[in-house]
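Here's a quick briefing to read alongside the sequence and the coordinates. Take a look at the chain first, then work through the notes grouped by topic.

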Amino acid sequence: WPKPAGVGARETAKRVFRHENAVLVGILVVITAVLAAITKGKTVTPDNIKNIVLFSTPRGLAAIGQFFVILTAGIDLSVGGVSLMCVLFGARLMTLEPMKQIFVGRPFPMVEAIPLMLLLGLGVGAFNGLLVSRTRVPALIVTLGMWIMAKGAGLLITQGSIYFLPEKLAFVGQGEVAGVPVPTLI
């Protein structure tokens, strides 16, 4: 016999609400509604939602990488320090200030600097992996130490500050495409 209308939808709804994340989504919806009521709707404006997405983008990107590390029963505490060091290294490469230019005495274009930043991060990650796999030092210890060393290296690279970055770089960090922030698109 054919099922009465609505039975398939009812079964689907039951399966959705039995899912473990359904409770979390429900809690998020309730918190959002309460905050919207308290702030008279200011928390759910398009500008605020765009800001939330923009400011959560770096953490989201780091979380994707951490997902793979945790999936293999590892841990990497060095992500913040290494990313800081790579960003400061790239900024130092791209600076237009003559006294701060390194290596070739001219600023590196973004198409050259960004791959070098990524290679630096890849190298540090490979070094961490080799230390953990070859010396059997726990990943927690290796990556905690690397986090501190990378932060220090980043501060040494900048010598305190970086100025005169290319204007094109501002678009990567602050630009928008069709109303969506470029970092979120990346």
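Lysine 50 counts as partly exposed because its relative accessibility is 24%, and buried would need a value under 20%. Keep in mind that this is a predicted model. Lysine 50 also has a partner: its side chain meets that of glutamate 176 in a salt bridge, at 2.9 Å from N to O.

**The salt bridge**

- Glutamate 176 and lysine 50 are 126 residues apart, so to speak a link between distant parts of the chain.
- On one side of the pair, lysine 50 sits in helix H3, which covers residues 46–71.
- On the other side, glutamate 176 belongs to strand S1, made of residues 176–177.
- Glutamate 176 is partly exposed too, because its relative accessibility comes to 42%, a value that falls between the 20% and 50% cut-offs.
- As for the general idea, side chains of opposite charge can pair when their charged atoms come close.
- How many salt bridges does the count come to? The count comes to one.

**The charged patch**

- Arg10, Lys14, Arg15 and Arg18 gather on the surface as a patch of positive charge.
- Arginine 15, one of that group, lies in helix H1, residues 7–18.
- Is arginine 15 buried or exposed? Arginine 15 is exposed, because its relative accessible area is 61% and the cut-off for exposed is over 50%.

**The nonpolar patch**

- There's also a nonpolar patch on the surface, of about 740 Å².
- Its makers are Val23, Leu24, Ile27, Val30, Ile31, Val34, Leu35 and Ile38.
- Isoleucine 27, one of these residues, has its place in helix H2, which runs over residues 20–38.
- Isoleucine 27 counts as partly exposed because its relative accessibility is 44%.

**The chain as a whole**

- The protein chain has eight helices and two strands.
- Reading from the N terminus, the order of elements is α-α-α-α-α-α-α-β-β-α.
- The radius of gyration of the protein chain is 23 Å, whereas a compact globule of 186 residues would have one near 16 Å.
- Along the principal axes, the C-alpha atoms fill a box of roughly 80 × 45 × 35 Å.
- What share of the 186 residues counts as buried? That share is 22%.

Terms used
Residues are numbered from 1 along each chain as its sequence is written. This is a predicted model: local features need pLDDT of at least 70, side-chain atom pairs count only at pLDDT 80 or more; totals for chains, interfaces and linings use all residues. Side-chain values use heavy atoms; hydrogens and water are left out. Patches are made of residues with over 30% relative accessible area and no salt bridge: like charges are joined within 9 Å, nonpolar side chains (Val, Leu, Ile, Met, Phe, Trp, Tyr) within 5 Å. Accessible areas come from the Shrake-Rupley method with a 1.4 Å probe; for residues, only the protein chains shown count as cover. A salt bridge is a side-chain nitrogen of Lys or Arg within 4 Å of a carboxyl oxygen of Asp or Glu. Helices (H or I, at least four residues) and strands (E, at least two) are DSSP runs, numbered from the N terminus. Buried means under 20% relative accessible area, exposed over 50%, partly exposed in between (1.4 Å probe, protein chains only). Lys and Arg count as positive and Asp and Glu as negative; His and the chain ends are not counted. The place of a charge is taken as NZ of Lys, CZ of Arg, CG of Asp or CD of Glu. The radius of gyration is taken over C-alpha atoms; the globule rule is 2.2 Å times the number of residues to the power 0.38.
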